[in-house]
Every structure is written in C-alpha cells, then in structure tokens.
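Got your viewer open? Let's take a walk through this model, one selection at a time.

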Amino acid sequence: MRLSTTEMAAHLGLTGAAAPAGEALASRVVTDSREARPGALFVCVPGERVDGHDFAARAVEQGATAVLASRPLPDPGVPVLLVEDTVRALGQLAALWRGKTRAKVVCVTGTAGKTTLKEALAQVLALRGKTARTAMNHNNQIGMPCAVLNTDGDEDFWVMEAGISHAGDMDELAPVLRPDLGLILNVGPGHTEGLGDRGVPWHKARLLAYLAEGGRGLVSADYPELVREAMASGAKLHFFSAADQRTAYRAAWLGSAPADGNAADGAPERGLYRLWLDGETCDVITPFQGAYGAENSIATAAAAHLLGLSAAEIAEGLARTRLPVQRFNRSRLGAWELIDDTYNANPLSMRRMLDAAAGQARGRTFVPVLGEMGELGAVAEAMHEELGRHLADLKPTAVFWKGGHADEVRAGLAHGGYGGPWLIVDGPESFMAAWKEFARHGGLEEKRGGLLLFKGSRFNRLETLLTAFREGNADMTETETRECGEGESGHVL
C-alpha cells in the first residue's frame, strides 16, 4: 500500500485530537510489533491476553512510521490515528486501498477447502499476471484487511479468502473487498455454534450482496440451499458442479496419474479430471484426488476462465499447483503412507478427506487418526455420530480418536457394523503407546504397511501425533511425496 496519514485520517473522518500530528507515508501494515519496519503502520489490536497498545513503543523503535490506536499513547514519536475501534478502522483503510487498485478481485468462501482453493487459484492466475492473495487462512477481520493493505497495488489479480464464524462476519468482510468475482465453493455444517438460525448457506451468500459494479458470483450448483440463497441475492451468477449437474462449468474424476508419468519413483499420484468450461472440454492433471478434488478443480478452472484465462493456461496452472501445508500432504515412512490433513476439520471436510484417503489406501491397511470437530454447537453430537457411521462404511483397520464426543463416534461406528479396534488417546505419548501395543498384537501388518490419515480440528493438534509417529519410527526411510510452496511462478505474493 501507499497511503499517507493525512489521506487515512480524512477517510476515517478524524479531526481535532483524533487526527495525526504530522505527516507520514505508510507502505505496509502490521499488528505484531516484532514485524514492524520502516514504513509500517502499526495497528494496536486489543486481545484477550495481550493488548497491542502496550507494544506501540517497541513498534516505533523498530521503524513503524505511524500508529493506529484506540487510546492516547504517551510520546509516540510518530503520527497517531486515534479511532474508536482499530479493527473496524483497519477494514475501512483496506477498503480505501481496494478502491485504488486496478486488480481483478476474487473473494473465496465456503465451508471446506477454501484455503486450498484460494492457493490453487492464485497459482493458476499467476501464469497470466501478478497475483496477490491472503496468506494461508488469514481470512478474518484482521488477517484479510492486512492482506489487502500489504499488496503493492499494481497486481493484475487479488485472490482473498473470507472466513466466517459469527453472524454478521460476511457483512464486515465483503464490503472491504467489493469483489469482481464472489466464489462460494460449498456449504455444510461448520462454525454453526456462532452463526445462529439462518443457516450457513444464507451467511455465505451474503458475499453476493457486496459485489463490485459489474461483478459476478460463481457458486456451486451442488448444494440446493446455497443455490436458493444465491438466486435470491439478485446477483449475476455462474454455476459450477462436481456432481454432474448440467452447468456451463463442471468436472468429472477420471482417476489417478503419477506426477511425472513414472509410478516407480515414489512420486505422488495426481488427480486426472475432465473439465467442461462453458462449451470447451479439456483434461487436466491436478494435485487433488477423488470427488472432493473435482469440486476444487472446477471451481479453480471456472474462476480462471471467467477472468480470461484459456483452457491451456488453466491446465498448465493446475499441473503446477502445490497444496498448502497440512492439507492432504502425503509422505512415506517405510511401508507406511502418511496423509497430513491436520490443519482443521468440520463434518464436510472430514467426510471428504476420509473418502479420499480410503480411496488411496486401495485395500491396504487403513488407519484414520482423528480428532474432535469443534464449534458445532447444538448439532455436535449428531454430527459426530454421523461421522462414525460414515467411517464404518469405509472399513478401517483401526480408528484412533483424540478429544470429545468419543461416545457418539463409537456409537456411529457400532451402528454401521464396525467391530475393529477403537483406541482413545490424549496426546503423543498415549498415541505411540497405543500404536505399539496394537502393532505388537498383530493388528497391523508392519512389513506390508498401509495408510494413516491424521485429521481433526485445530485445537486437537494432531500434527503432534504425526510427529511422534515419525520420530518413533525414525529407523524407517521417509520420502516426501509432495512439494510444498507457492508453485514456480514468481508472480504469486
């Protein structure tokens, strides 16, 4: 960004004592004083454990050019913009900067997979021009405006993610972006505890009320309630489907293919999909797998196509795409294939990753290591029992569980006819003890190996169990079967 304190104060309506004394030019924004550098606007964000105001002096010492605060600061030494609510003002400043960009702005939302979709789309668009996107899942009222303000302003595309967990969140996030393309990937139970009675589809579809002039919505046709809410918005809409809906944009899963055509070298398998792009058909190889991958592939391709990319560019971009960390990242440890999807979980993402992992197991030993799904409110018990029923259909060799609602999952497994090992753990040590005890009694075929999927909501920290498994089997040879990073183009920011 390039905003002067005078310009920011005028936009925020600051006068008198609230207006900054002196003039400064800010080129980036930070909320962590440790990240402050010359040219930074330091935003004081009050938190439950720490208050950013207490670190303003440190930020200035490290070069911060100006400070956004909600209370007077003693001898700051730099211009201070004094506002009632720093988070709200941060969003207002991001909206100011968004109005100065020439970039085509895409806002991605959905219940499951939106961060992966955002990363994939940014990598594809980078083939055509300079592209900025939110870092990982920094998609709330602090992270997303910071991503906007930390763009250079000369990008061709912005791909920004909007995550909601409470009623009204989308009405705060979407007006900041005023997207040219509002992309809703899917809807399902997630953060239902904070969204109230209107339902997830209604809250997600609020994005479509804040499109830029001439903006369009791109919405999955595979969720009837979402389609209904999207149609009610009055926005100009395009639809995509991964479930054979006869839409202009749709995808079909064709099977797996080695990344480089040589299955013997340990390279990860990639997904092969057929895409229909508004009258044009093409086959693409992507980092996704199975049915969930069809949704991500066609959403990425449809958005890129609507933004002017050709089918050839889309195919090349998808072939280059690399998934973000802790999102279905695969590695091999001896005879065991490990899938790390530990970043988060909700009923929709849990079901999809289990299906994909079971498909990858292909009759081998299949062991899900799972954790409680959080923020489900009144539907938590029912969703965990349903998880158990679905898991039983996949016929796992054993199931490890960490966190609450174990009784509901176990009941679902029993109802589905699963009678295999059910092992409750509370951390890395108990997990490894349970694993070794189970293996010792012949429950796992150590030499033949198999597949382990690690997935659960963030607070379970299932990555610690994955680390313990690797360290406890350090005598095995580990091979990375994914490439982590932003892809090969230098255009992605």
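A quick bit of vocabulary before we set off: helices (H or I, at least four residues) and strands (E, at least two) are DSSP runs, numbered from the N terminus. With those names in hand, select Lys-395, in the loop between H13 and strand E19 (399-402). Keep in mind that you're looking at a predicted model.

What is odd about the phi of Lys-395? Its phi is positive, about 55°, although Lys-395 is not a glycine. As background, most residues other than glycine have a negative phi. Lys-395 counts as exposed, because its relative accessibility is 65% and the cut-off for exposed is over 50%.

Now hop to Arg-362, in the loop between helix H12 (347-361) and E18. Here is another residue other than glycine with a positive phi, this time near 50°. Is Arg-362 buried, exposed or partly exposed? Partly exposed, with a relative accessible area of 49%.

Follow the chain along to Gly-377, which sits in the loop between strand E18 (365-371) and helix H13 (380-393). Gly-377 is partly exposed, at 30% relative accessibility. Add Leu-195 to your selection: the two residues are 182 residues apart in sequence, yet their C-alpha atoms are 9.7 Å apart in space.

Time to zoom out and show the whole protein. How many helices and strands are there? You should find 16 helices and 22 strands. The radius of gyration is 24 Å, close to the 23 Å that the globule rule gives for 493 residues, so the protein is as compact as a globular protein of that length. Its C-alpha atoms fill a box of roughly 75 × 55 × 45 Å along the principal axes.

While you're zoomed out, try colouring by burial: 56% of the 493 residues count as buried. Next, think about contacts between residues with a separation of 6 or more: 68% of them join residues 24 or more positions apart. On the outside, the accessible surface comes to about 20100 Å², and 48% of that belongs to carbon and sulfur atoms. If you colour by charge, there are 50 positive and 62 negative charges, and their mean positions are 3 Å apart.

Head for the start of the chain and select helix H1 (residues 5-12). Its buried residues are Thr-5, Met-8, Ala-9 and Leu-12. Look down the axis of H1: these buried residues fall within an arc of 100°, so they line one face of the helix. The reason for such a pattern is simple: an α-helix has 3.6 residues a turn, so residues three or four places apart point the same way.

What do the buried residues of H1 pack against? Their partners include strand E1 (3-4), strand E4 (40-43) and helix H3 (86-98). Just after H1, click on Gly-13, which takes a positive phi of about 70°.

Next, select Val-30 in strand E3 (residues 28-30). Val-30 counts as buried, at 2% relative accessibility. Leaving aside neighbours within four places in sequence, Val-30 is in contact with Glu-35, Ala-36, Ala-40, Leu-41, Phe-42 and Val-43. Measure across to Val-67 too: 37 residues away in sequence, 9.8 Å from C-alpha to C-alpha.

Our last stop is Arg-133, in strand E8 (residues 131-133). Is Arg-133 buried or exposed? Buried, at 12% relative accessibility. To finish, select Trp-97 as well: Arg-133 and Trp-97 are 36 residues apart in sequence, with 15 Å between their C-alpha atoms.

Methods. Residues numbered from 1 in each chain as written. Predicted model: local features only at pLDDT ≥ 70, side-chain atom pairs only at ≥ 80, totals over all residues. Heavy atoms only, no water. Rg over C-alpha atoms; globule rule 2.2 N^0.38 Å. Buried < 20%, exposed > 50% of the residue type's maximum accessible area, 1.4 Å probe, protein only. Contact = heavy atoms within 4.5 Å. Areas by Shrake-Rupley, 256 points an atom, 1.4 Å probe, with all protein chains shown as cover. Lys, Arg positive; Asp, Glu negative; His and termini not counted. Charge placed at Lys NZ, Arg CZ, Asp CG, Glu CD. Arc of directions from axis to C-beta.
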